[in-house]
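Colleague: I am new to this structure and would love a close look at its aromatic pairs. Could you walk me through them, and then show me what surrounds them?

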Amino acid sequence: IASCLVGSEMCIRDRLGLLVDFGDVCKKDPQVLVDLSARVLTLVDGLGLPFISIVGCSMPPSINEAVKKPNSQAVVMRKEMVAWRQLRQMFRQFPIVFGDYGVRGPRSSSAPNPNVNGKIRYTIENGAFIARGQSKAKDDGEQMYRLSQLVVSSPHYMGAAFSWGDQEIHRRAIREKKVGPGGANCWIKFDTSHHLALSLIHISEPTRQEAI
């Protein structure tokens with residue numbers, strides 16, 4: 001990487017950032033991400049890159065890898081966020097920005113599956129609170145109202161006004177009239193809306209602290 005960048009024209013290099021993409025990190029230790037990123041950052045030191053983005057996703061490709069039992073819940077660590085925060089502290093001289101896959105990992109399948117489980121992936125501080133339901137083949141959508149109630153009643157819920165996604169979760173938790181349970185694509189949108197709103201706060205906080 002370093003040799004390629006050194007040989008680039010200055011006008012190109014001034015606009016060229018570096019993406020360090022770890023892909024699926026659900027089975028990796030966060031410290032491994034930090035150590036590997038640190039090696040790359042050492043190689044590109046002095047090149048004057050406008051930004052360096054660290055990307056990875058801790059969300060497993062299948063919900064049953066994150067929450068073992070149907071109709072239960074668990075918290076998954078966002079290892080990429082933990083690593084990013086540590087790297088920002090270690091390498092303050094670098095313009096390290098946050099990259100993200102969102103609520104679905106790079107190995108997630110979009111193929112139709114009649115047995116897919118109902119789920120809500122609710123991003124929290126350094127993690128994701130996941131409420132898992134059961135096979136949709138055994139359910140008419142009723143589980144999504146129950147899962148919404150579970151999220152809204154949890155200490156992680158940020159309130160209906162926090163994001164559009166939070167509002168949609170709340171509407172289903174209270175069983176608002178004329179609001180259906182929502183299909184899989186709808187819930188990806190709801191989860192992503194909340195995820196983006198909270199991630200923006202998390203990645204903005206270190207910048208504000210560094211400016212003090």
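Modeller: Happy to! This is a predicted model, and it holds 5 aromatic pairs. Let us begin with tyrosine 122 and tyrosine 157, whose rings sit 6.0 Å apart, centre to centre, with 35° between the planes, which makes the pair tilted. Tyrosine 122 belongs to strand S5, while tyrosine 157 is in the loop between helix H6 (142–152) and helix H7 (164–173), so this pair ties together parts that are 35 residues apart in sequence. Are these two rings buried or exposed? Tyrosine 122 has 1% relative accessibility and counts as buried. Tyrosine 157 is buried too, at a relative accessible area of 15%, because the cut-off for buried is under 20%.

Another pair joins tryptophan 164 and phenylalanine 190, and here the arrangement is edge-to-face: the centres are 5.2 Å apart and the planes are at 70°. Tryptophan 164 lies in helix H7 and phenylalanine 190 in helix H8, so the pair ties together parts that are 26 residues apart in sequence. The partners differ in their surroundings: tryptophan 164 is partly exposed, with a relative accessible area of 43%, whereas phenylalanine 190 is buried at 3%. Ring pairs also bring in Trp187, giving a cluster of Trp164, Trp187 and Phe190.

Now for the nonpolar cores. In soluble globular proteins, nonpolar side chains tend to be buried together. In this model, the largest nonpolar core has 22 residues, and Ile52, Ile54 and Ile96 have the most contacts inside it. Strand S1 (18–24), helix H3 (30–43), strand S2 (52–57), helix H5 (79–90) and strand S4 (96–98) each give two or more residues to this core. H3 provides the largest share, 5 residues. To get a feel for the packing, take isoleucine 52: leaving aside neighbours within four places in sequence, it is in contact with Leu18, Val20, Leu41, Val44, Phe94, Pro95, Ile96 and Val97. A second, separate core of 12 residues takes us back to the ring cluster, as Trp187 is among its members, along with Ile120, Ala131 and Ile169.

Strand S5 and helix H8 will help you find the largest pocket as well. Strand S5 (117–124), helix H8 (184–211) and helix H4 (63–66) each supply at least two residues of its lining. The pocket holds about 650 Å³ of space. Its lining has 26 residues, with Pro61, Arg104, Ser109, Val116 and Lys119 nearest the centre. By class, that lining has 11 nonpolar, 10 polar and 5 charged residues.

Arginine 104 deserves a moment of your time. You will find it in the loop between S4 and S5, and it is partly exposed, with a relative accessible area of 27%. Arginine 104 and proline 60 are 44 residues apart in sequence, yet their C-alpha atoms are 8.0 Å apart in space.

Last, there is the enclosed space. Which residues line the largest cavity? They are Cys57, Ser58, Met59, Val76, Arg78, Glu80, Gly102, Val103, Thr123, Ala128 and His195. This lining divides into 5 nonpolar, 4 polar and 2 charged residues, around a space of about 80 Å³.

Definitions and conventions. Residues are numbered from 1 along each chain as its sequence is written. Side-chain values use heavy atoms; hydrogens and water are left out. On a 1 Å grid over the protein atoms alone, a cavity is a set of points where a 1.4 Å probe fits but cannot get out, and a pocket is an open set with protein on both sides within 12 Å along at least five of seven lines; lining residues have an atom within 4 Å of a point. Grid points are joined across faces, edges and corners, and a volume is the space filled by probe spheres set on the points. Helices (H or I, at least four residues) and strands (E, at least two) are DSSP runs, numbered from the N terminus. Ala, Val, Leu, Ile, Met, Phe, Trp, Tyr, Cys and Pro count as nonpolar, Asp, Glu, Lys and Arg as charged, and the others, Gly among them, as polar. A nonpolar core is a set of buried Ala, Val, Leu, Ile, Met, Phe, Trp, Tyr and Cys residues joined through side-chain atoms within 4.5 Å. Buried means under 20% relative accessible area, exposed over 50%, partly exposed in between (1.4 Å probe, protein chains only). Contact means heavy atoms within 4.5 Å. Rings of Phe, Tyr and Trp (its six-membered ring) pair if their centres lie within 6.5 Å; planes under 30 degrees apart count as stacked, over 60 as edge-to-face and the rest as tilted.
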